[in-house]
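I opened this notebook to keep a record of what I looked up, one topic at a time. Each entry begins with what I wanted to know and ends with what I found.

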Amino acid sequence: MTSNPLNPSNGDDNPKDPLTEMLQNLMGGKGMENFDPAELAKAAGLPDDPNLLAQMFSQVQAMMSAPSEGPVNWTLAHDNARRVAASSSDPSVTAQQSRDVDEALRLAELWLDPVTDLPSTGLIGKAWSRAEWVEATLGTWKRLTEPVANSIANALSSAMTEQMPEEMKAMMGGASSMLQNMGGAIFGMQLGQAIGALSQDVVSSTDIGVPLADLEMALLPTNVAAFGAGLSLPENDIRLFLAVREAAHARLFVQVPWLRGHLLGAIEAYARGIHIDTSRIEELARDLDPSNPEGIQEALSQGVFMPQRTPAQEQALEKLETALALVEGWVDELTAAATEKVLPSAGALRETVRRRRATGGPAEHAFASLVGLELRPRRLRDAATLWASLKEERGIEGRDAIWHHPDLLPTAEDLDDPKGFSSRRKLAEASDSEVDDALQKLLSGGFEDTAEADSSEGGDGDAGGKDSRGKDDDGGTDQPRG
């Protein structure tokens, strides 16, 4: 018989442990000994496999009683991402799939050579399972999401602590750290769920336009096959087209060393500016129905903790979207140039990928709602038009020279008016040149010589019958000097 949460007695006049009582109240009146792991699973959107849930809950219990590794339980996020990745069949890569991917990426490198000035990478192409993609990319996901993840985990644990009765707070004593671990565990499970779901969608290491795995070039054969389902196109054509996109991404990030840090830095700057709506979390903790543990999961998945963007956030978002669009537009343009004469289906595949990148899939939307971070290049078509225009004006070498330094990159204004990029750049370069000339003249003493000459010329007073404007006394002017 379940005790009344308001009565600290278990029916035999023995006082109930306050921690157990609190967990009973939180988890729908069930004690830890008879706790149903499915209840916690619902809160994190997990599958309801009893064996997996029992294993997971055992691990959660150990983690919640151990010292916390930080506001977010990244170990739990990793393990949950692996489980979700394998939940809908994640077969190991076969030897034949490895050969197919290797050949496709090698051929892709050859097709790219004539259409870009950036040299080949020399990377060895790899075929990954979904679990291997999780392992290769989780470190970068942690870097990108940590600012927001820490804020939400801290807010969750603080809200749960605030909603606890005062007498229970005093009785908890040193066990209060378990609540902090609980907040980190809840968000860690949810983040792992989102990353695991993404692993079922992505077709390559750079499919979302961000170099999640540094110095890697890889395709996911299972997901490539799923991407091609229903397109009525040859499987080899699809694999080759996606291989060219992956090789183009890899070539850009390897041969432009500053670009990866620039792009990840823009994402981090945007994420750091996100402020969590703690009032919504407190409201959720106060009104949460213990019999409806899906409340936390639903609130997280809908992004209800993310307030409206500030002006600073809007600026950071514009910078991020421009950077993503420039990368994806360049890859889109190169892939089209490299495949248009060798793959009959290149045009159809290009449009399919464009729409897929512009709209994003369900997993990408779920991730964006969870951490308030969208990685979609909304202006991909504008950026592709800009790169095509630059190639027409400057040639392949001139177009790719734009990547030599971040200060040379086009801006959002250039995406608005791709044709006017060169004229605006000439004006900017001319202005910079004038400043440089003036600075050089100042450093060499040229301005002092000019001032002395003017002073000497003006010191003769009326010599030569001229006034201060260089005119004759009768109002005329001299002829220009030779």
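The entries below go through salt bridges, helix packing, two buried residues and two backbone angles.

**Entry 1: before starting.** I noted that this is a predicted model, and I kept that in mind for each value that I wrote down.

**Entry 2: salt bridges.** How many salt bridges does a search of the whole structure find? The search gave me 23 salt bridges, and I picked out a few of these to look at one by one.

I began with Arg245 and Glu328, whose side chains meet in a salt bridge with an N to O distance of 3.2 Å. I then looked up where the two residues sit, and found that Arg245 is in helix H10 (residues 235-255) while Glu328 is in helix H14 (residues 311-339), so that the pair links distant parts of the chain, 83 residues apart. Buried or exposed, I asked of Arg245 and Glu328? Both Arg245 and Glu328 are buried.

My next pair was Glu364 and Arg357, whose side chains also form a salt bridge, with 3.8 Å from N to O. Here too I checked the surroundings, and both Glu364 and Arg357 are buried.

The third pair that I wrote down was Arg379 with Asp416, where the N to O distance of the salt bridge is 2.6 Å. Arg379 lies in the loop between helix H16 (362-371) and helix H17 (380-400), and Asp416 belongs to helix H18 (residues 412-416), so this pair ties together parts that are 37 residues apart in sequence. Asp416 counts as exposed because its relative accessibility is 57%, and the cut-off for exposed is over 50%.

I closed the entry by asking which residues are joined by salt bridges that share partners. Arg245, Glu328, Arg357 and Glu364 are joined in this way into one network.

**Entry 3: helix packing.** Two packed helices are described by the angle between their axes and the distance between the axes, so I looked up both values for each of two pairs.

For helix H15 (residues 346-359) and H17, I found a packing angle of about 130 degrees and axes that are 10 Å apart. The angle makes H15 oblique to H17. On the H15 side the contact is made by Arg350, Glu351, Arg354, Arg355 and Arg357, and on the H17 side by Leu380, Arg381 and Ala384. When I sorted the residues of this contact of H15 with H17 by class, I had six charged, two nonpolar and no polar.

For helix H11 (residues 257-272) and H14, the axes come within 9 Å and cross at roughly 150 degrees. Why is H11 described as roughly antiparallel to H14? The crossing angle of roughly 150 degrees is what makes H11 roughly antiparallel to H14, because angles over 145 degrees are counted in that way. I also noted that H11 passes H14 in a left-handed crossing. The H11 residues in the contact include Leu259, Leu263 and Ile267, and those of H14 include Leu317, Leu320 and Val327. By class, the contact of H11 with H14 has 12 nonpolar residues, two polar and one charged.

**Entry 4: two buried residues.** I looked up Trp403, which is found in the loop between H17 and H18. Trp403 has a relative accessible area of 2% and is therefore buried. Which residues are in contact with Trp403, leaving aside its neighbours within four places in sequence? Among them are Trp258, Leu259, Val327, Trp330 and Trp387. I followed up Trp258, because I wanted to compare sequence with space: Trp403 and Trp258 are 145 residues apart in sequence and 9.3 Å apart in space, C-alpha to C-alpha.I then turned to Glu109, which lies in helix H5 (residues 95-112). At 8% relative accessibility, Glu109 counts as buried. Leaving aside neighbours within four places in sequence, Glu109 is in contact with Ser120, Thr121, Gly122, Met217, Ala247 and Arg251.

**Entry 5: two backbone angles.** I noted Ser89, which has a positive phi of about 75 degrees although it is not a glycine. Ser89 is placed in the loop between helix H4 (74-86) and H5, and with a relative accessible area of 48% Ser89 is partly exposed.

I also noted Leu215, a residue other than glycine whose phi is positive, near 55 degrees. Leu215 is found in the loop between helix H8 (177-199) and strand E2 (218-219), and with a relative accessible area of 52% Leu215 is exposed.

Technical notes:
Residues numbered from 1 in each chain as written. Predicted model: local features only at pLDDT ≥ 70, side-chain atom pairs only at ≥ 80, totals over all residues. Heavy atoms only, no water. Salt bridge = Lys/Arg side-chain N within 4 Å of Asp/Glu carboxyl O. Helix = DSSP H or I, 4+ residues; strand = E, 2+ residues; numbered from the N terminus. Buried < 20%, exposed > 50% of the residue type's maximum accessible area, 1.4 Å probe, protein only. Contact = heavy atoms within 4.5 Å. Axes fitted to C-alpha atoms, helices over the stretch in contact; angles between N-to-C directions. Parallel < 35°, antiparallel > 145°, perpendicular 65-115°, else oblique. Nonpolar A, V, L, I, M, F, W, Y, C, P; charged D, E, K, R; others polar. Left-handed = near helix turned anticlockwise from the far one by under 90°.
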